[in-house]
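Visitor: I am new to reading protein models. Could you walk me through one, feature by feature?

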Amino acid sequence: MRRFKQLVLVLAWVLGGLPVARPWPGASGASAAPACFLPLEDGRCLPPPTPADSAPPPAADAQTAPASRGPGVLVKRKANVPPGAFRAGLAAAGFPSAEALAVPRWWRIPVPPGEDPEALAARLRQRPDVETAEVDRPVRIAFTPNDPYYGSQWNLPKIRAPQAWDVVTGTTQVVIAIVDTGVDYTHPDLASSRLWLGWDFANSDNNPMDDEGHGTHVAGIAGANTNNNRGVAGVCWGCGLLAVKVLDASGGGYDSWVADGIRYAADWGASSGKRTVINLSLGSPYPSSVVADAVAYAQGKGALIVAAAGNNGRDQLFYPAAYPGVIGVAATDSSDQRASFSNSGSHVDIAAPGVSILSTEWSWYYYESGTSMAAPHVAGVAGLVWSARPALTASQVCGALLRTAVDLGTPGRDDIYGYGRLNAEAAVRSVVPPPPGPPPGPYRVYLPLVMSPPFVCP
């Protein structure tokens, strides 16, 4: 169902060796990026992100239609089979168009006309060079229709963001990757040197311009320009932002696009020496091995992953929020009540505002609702926590968020609110040393200059 919008007038290896990387077909978007950043097993290569403030304006007719893509099957080659031999074997079996994904050992095979994808996956699982195979299932943004009569940005005081900003407003050494429909990098409340343009996996180019609006709204919640006399405020307005497009103009995409986007974001953050938060305001009720592998890969690179809990309004797992170590985020309203559309379940770790959230979109400002809107609140606060104490691990940042949440519903963790509603101030203050005490009296008490061990995310 489409959401309603309220305009706001207040304004890789071939045969065991590295291939000679060749440019990705169609890589002619926001800026020329000839360097090889992420080589793929079939010889193609993804370029690195580029600064948004140096990108030329997008063409007026750029990306106005959903990308065309037929059904596909994802196969994972066995580790002892070289990529070149695997590709040759697939070609000999009648699949010359197979392409490698960014996730190591995974390939995508287009389904021939008239063939059932599930039957093809079952047949491919029988091959001696294939470890597993699955249908490349669709995913969608996690939104729901909104109520246009709520007030603007009630969400930031609710999570005590202004009090957290008294301590820290973020640093560009922390990057929040918006893996979504892209980001409108010309929006006046997002365009800045903090915004980087990554790859567009929906259109196979390096121009991740948002053609749906959802990713721009998510980006604004996480880190819109703030204290600039315009528009709205973002949670971590000093953090860097990385736009990675994995959903098309209809708000839909595939497991393979999402998995590749996760790996791309994780690799760029790690190679740049940045702490990386990956926001996934999207998903599906169906688990995917390739997305699970990408999540595990990103976590191995030190990234923290935050994902929407889903908008089906019932007790139902939603992926990637339900994968181990991912922070699953439910949505609450201005009264700290569960949003009617918000999923519940064992994958819910924390709750955050998700009803009538005002943010950036289409060069303007709109209200939106959904667990899609709740997730970037958590990603933004994670950015603040990491900015305040960069030495923390991703698990420790996660722990700080859950430990300091405002308990709602059943005492302790529950399947509706997780550990409770996000509290930005408490999370940030929990990881910074306390302010100096009063001057010593007639005698001194010596205390060890250490903090309590950080809570580790379960």
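Guide: Start with the lining of the largest cavity. Its residues fall into eight nonpolar, two polar and one charged. Keep in mind that this is a predicted model.

Visitor: What is the volume of the largest cavity?

Guide: The volume is about 60 Å³.

Visitor: Which residues line the largest cavity?

Guide: Look for V139, D255 and V258. Then find S284, Y286, P287, S288 and V291. Y319, P320 and Y323 complete the lining.

Visitor: Which peptide bond is cis?

Guide: The bond from Y319 to P320 is cis, with omega near 15°. Both residues are also in the cavity lining. P320 sits in the loop between β17 (304–308) and β18 (327–332).

Visitor: Which residue has a positive phi although it is not a glycine?

Guide: That is W362, with a phi of about 50°. Look for W362 in the loop between β20 (357–361) and β21 (364–368).

Visitor: Now the helices. How do I read a packed pair?

Guide: Two numbers describe two packed helices: the angle between their axes and the distance between the axes. Try helix α6 (residues 255–271) and helix α7 (residues 289–300). Their angle is about 5°, and their axes are 8 Å apart. The small number has a name: α6 is therefore roughly parallel to α7.

Visitor: Which residues make the contact of α6 and α7?

Guide: From α6 come D255, A259, I262, R263, A266 and D267. From α7 come V290, V291, A294, V295, Y297 and A298. By class, the contact of α6 with α7 has nine nonpolar, no polar and three charged residues. D255 and V291 also line the largest cavity.

Visitor: At what angle do α8 and α9 pack?

Guide: Helix α9 covers residues 394–403, and the angle between α8 and α9 is about 115°. Their axes are 10 Å apart. So α8 and α9 are roughly perpendicular to each other. The crossing of α8 and α9 is right-handed. On the α8 side, the contact uses V378, V381, A382, V385 and W386. On the α9 side, A394, V397, A400 and L401 take part. The contact of α8 with α9 has nine nonpolar residues, no polar and no charged.

Visitor: How far apart are the axes of α5 and α8?

Guide: The axes of helix α5 (residues 214–223) and helix α8 (residues 371–388) are 8 Å apart, at an angle of about 35°. The crossing of α5 and α8 is right-handed. H214, H217, V218, I221 and A222 of α5 meet S372, M373, P376, H377 and G380 of α8. That contact holds five nonpolar, five polar and no charged residues.

Visitor: Which contact should I set beside it?

Guide: Go back to α8 with α9. There the classes were nine nonpolar, no polar and no charged.

Definitions and conventions. Residues numbered from 1 in each chain as written. Predicted model: local features only at pLDDT ≥ 70, side-chain atom pairs only at ≥ 80, totals over all residues. Heavy atoms only, no water. 1 Å grid on protein atoms, 1.4 Å probe; cavity = no way out; pocket = protein on both sides within 12 Å on 5 of 7 lines; lining within 4 Å. Points joined across faces, edges and corners; volume = space filled by probe spheres on them. Nonpolar A, V, L, I, M, F, W, Y, C, P; charged D, E, K, R; others polar. Axes fitted to C-alpha atoms, helices over the stretch in contact; angles between N-to-C directions. Helix = DSSP H or I, 4+ residues; strand = E, 2+ residues; numbered from the N terminus. Left-handed = near helix turned anticlockwise from the far one by under 90°. Contact = heavy atoms within 4.5 Å. Parallel < 35°, antiparallel > 145°, perpendicular 65-115°, else oblique.
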